[in-house]
Amino acid sequence: MAKTTLKSLSDALAVRLTKGALPGELQGFGKTERADAAAFVAATAEARAKSI
């Protein structure tokens, strides 16, 4: 996956990670943590073996 595509995926995931969160669920989960979590999910998805 191209680096720019992975970045776009990470940005989209970062927004969706907190959408619909209940009150109190995001305590201690700021912008940096959201971006780190999204980057982890995107990188893991990229590295996952494709199923047949």
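These are my notebook entries on a predicted model of one protein chain.

**Entry: overall form**

I began with the secondary structure and found two helices and zero strands in the protein chain. I then looked up the radius of gyration, which is 13 Å and so well over the 10 Å that the globule rule gives for 52 residues; the chain is therefore more spread out than a compact globule. Taken along the principal axes, the box filled by the C-alpha atoms comes to roughly 40 × 25 × 15 Å.

**Entry: surface and burial**

Turning to the surface, I noted that the protein chain exposes about 4400 Å², with 60% of this area supplied by carbon and sulfur atoms. What share of the 52 residues is buried? I read off 10% for the protein chain.

**Entry: T18**

I next picked out T18, which lies in helix α1, the helix that covers residues 3-18. Is T18 buried or exposed? Its relative accessible area is 16%, and because the cut-off for buried is under 20%, T18 counts as buried. I then asked which residues T18 is in contact with, leaving aside its neighbours within four places in sequence. The list I obtained consists of L26, F29 and R34.

**Entry: F29 and the nonpolar patch**

Since two of these names, L26 and F29, came up again, I followed them to the surface, where they form a nonpolar patch together with L17. The accessible area of L17, L26 and F29 together is about 220 Å². As for its place in the chain, F29 sits in the loop between α1 and α2, the latter being residues 31-47. I recorded F29 as partly exposed, because its relative accessibility is 31%, and partly exposed is the class between the 20% and 50% cut-offs.

**Entry: G28**

I also looked up G28, which is found in the loop between α1 and α2. G28 counts as exposed, because its relative accessibility is 67% and the cut-off for exposed is over 50%. For a distance I took G28 with R16: the two are 12 residues apart in sequence, and their C-alpha atoms are 17 Å apart in space.

**Entry: A47**

Last, I went to A47, which belongs to helix α2. With a relative accessibility of 67%, A47 counts as exposed. How far apart in space are A47 and T18, C-alpha to C-alpha? I noted 24 Å for this pair, with their positions 29 residues apart in sequence as the separation.

Notes. Residues numbered from 1 in each chain as written. Predicted model: local features only at pLDDT ≥ 70, side-chain atom pairs only at ≥ 80, totals over all residues. Heavy atoms only, no water. Helix = DSSP H or I, 4+ residues; strand = E, 2+ residues; numbered from the N terminus. Buried < 20%, exposed > 50% of the residue type's maximum accessible area, 1.4 Å probe, protein only. Contact = heavy atoms within 4.5 Å. Patch = residues over 30% accessible without salt bridge, like charges linked within 9 Å, V, L, I, M, F, W, Y side chains within 5 Å. Areas by Shrake-Rupley, 256 points an atom, 1.4 Å probe, with all protein chains shown as cover. Salt bridge = Lys/Arg side-chain N within 4 Å of Asp/Glu carboxyl O. Rg over C-alpha atoms; globule rule 2.2 N^0.38 Å.
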